[in-house]
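Trainee: Please choose one part of this model and take me through it closely, with enough of its setting that I can see how it fits into the rest of the chain.

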Amino acid sequence: MDEKPKKGTRTGFTTGACSAAAARAATLGLIHGSVPENVECVLPNGQIVRFDISEGQRENEHAQAVIIKDAGDDPDCTHGAHMTARVTLRRDQPGLVILKGGAGVGTITQPGLGLQVGGPAINPVPRRNIEENVRAVAGDLLNSAGLEVEISVPGGEEMAKKTLNYRLGIIGGISILGTTGIVRPYSTAAFRASVIQAIEVAASQGQTTVVLTTGGRTEKFVMRELPQLPAASFVQMGDFLKYALDTIVKCNVPHVVIGGMVGKLTKMAQGETMTHAGRAEVDTALLAGLAREIGAPADEVTAIAAAETARFASERMEALGLTHAFHNALAQRVYTSISARYPQQFSLRVLVCDFDGNKLAEAPV
């Protein structure tokens, strides 16, 4: 008999994965006349998962499917959400898959999130994944018509009150998120223990370098940068920077590499050792100071200080042609902050990537 996963380690599915599966099921309902009881969905990470359909209906040129989100052991306010996709035939838009946000999905009201202001809070990876799953089953139908996909979440506006969406300028509902489709319980004690264990295993194998990343995208980025290192050297630490570095010191690992993107790295630069979004706000004044140091105009510095996200600063620096200088300064600040906390206890290298996994900077130079 297979062993059950230990309590606190069970993975779940993102709002994006559930939305994509619901959209795929609704599309099948539109084509075949009835929504299936379950559906296979290809996640962004390539994994194929079968989801049960909670509710499905077909009426004329519309079909709707609902999937109840299972967040696993992650303490997520969207656990149990009824992720709903309504697919409508658009004979005036052949070949197109048009994605919209319905009730309970937030609306973007300010820049800095990589999404269009006024549009739905459906992140880029889920957007692509929803469209790919719809196109995979729509087949020849798209030769003569388009499909409008509306994602909605009953009760999403109330769920959003338990998030930081309002600080980010996302109003009216939750965000549709997920870069892999899988929710891992980063915020649980069990995951923290797994981070510690992974570092201990690497040390016991004689690895002299441990690479700490904040998630799947940053890990892939650093693996490309450091192909000579074995898989055992790479540890997804999630938000547990302190526990990871304390374990590295305990295990006498001499070399550390940290890979990250602007948001988490800003938390590290400001001295936070737990980088979860709910633990502390991003210090945009710090980012404004870095922008000032590299010669950004005063009005841009003021705008960055007043913003709610680190991504806003990154986008403004890109617009000004200061991407490399800005992220180099940020990497150096992370290096200085961590080196001061752990003086002469390991060598440190900080690598920075953008949201597509492209290298932006590193420290020390």
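Mentor: The answer below goes from the chain as a whole to one strand, and then to a helix and a few backbone details.

This is a predicted model, in which local features need pLDDT of at least 70 and side-chain atom pairs count only at pLDDT 80 or more, while totals for chains, interfaces and linings use all residues. Residues are numbered from 1 along each chain as its sequence is written, and side-chain values use heavy atoms, with hydrogens and water left out.

The chain contains 12 helices and 18 strands, these being DSSP runs numbered from the N terminus, with at least four residues for a helix (H or I) and at least two for a strand (E). Its radius of gyration of 22 Å agrees with the value near 21 Å that a compact globule of 365 residues would have, where the radius is taken over C-alpha atoms and the rule is 2.2 Å times the number of residues to the power 0.38. The C-alpha atoms fill a box of roughly 70 × 60 × 35 Å along the principal axes. Of the 365 residues, 48% are buried, which here means under 20% relative accessible area, with exposed meaning over 50% and partly exposed in between (1.4 Å probe, protein chains only).

The part I would examine is strand E14, residues 209–213, because five of its five residues are buried and the strand is therefore largely enclosed by the rest of the structure. In a regular strand the side chains alternate between the two faces of the sheet. In E14 both faces are covered, since Thr209, Val211 and Thr213 on one side and Val210 and Leu212 on the other are all buried.

E14 also has two strand partners to follow, where pairing requires that DSSP finds at least two bridges between the strands. With E16, residues 255–260, E14 runs parallel and shares five bridges, and within that pairing leucine 212 has isoleucine 258 as its bridge partner. With E15, residues 234–236, the pairing is again in the parallel sense, over three bridges, and there valine 211 stands opposite phenylalanine 234.

From E16 one can continue to helix H8, residues 262–269, which is largely enclosed by the rest of the structure because six of its eight residues are buried. Those residues are Val262, Leu265, Thr266, Lys267, Met268 and Ala269, and they pack against E16 itself, strand E17 (347–353) and the helices H7 (241–250), H9 (284–293), H11 (310–319) and H12 (323–341). After H8 comes glycine 271, with a positive phi near 95°.

The backbone angles on either side of these elements also deserve attention. Most residues other than glycine have a negative phi, and most peptide bonds are trans. Asparagine 252, in the loop between H7 and E16, has a positive phi near 60° and is exposed, with a relative accessible area of 66%. Glutamine 344, in the loop between H12 and E17, likewise has a positive phi, of about 55°, and at 85% relative accessibility it counts as exposed. Finally, alanine 363 and proline 364 are joined by a cis peptide bond with omega about -5°, and proline 364 lies in the segment after strand E18 (359–363).

Conventions:
Contact = heavy atoms within 4.5 Å.
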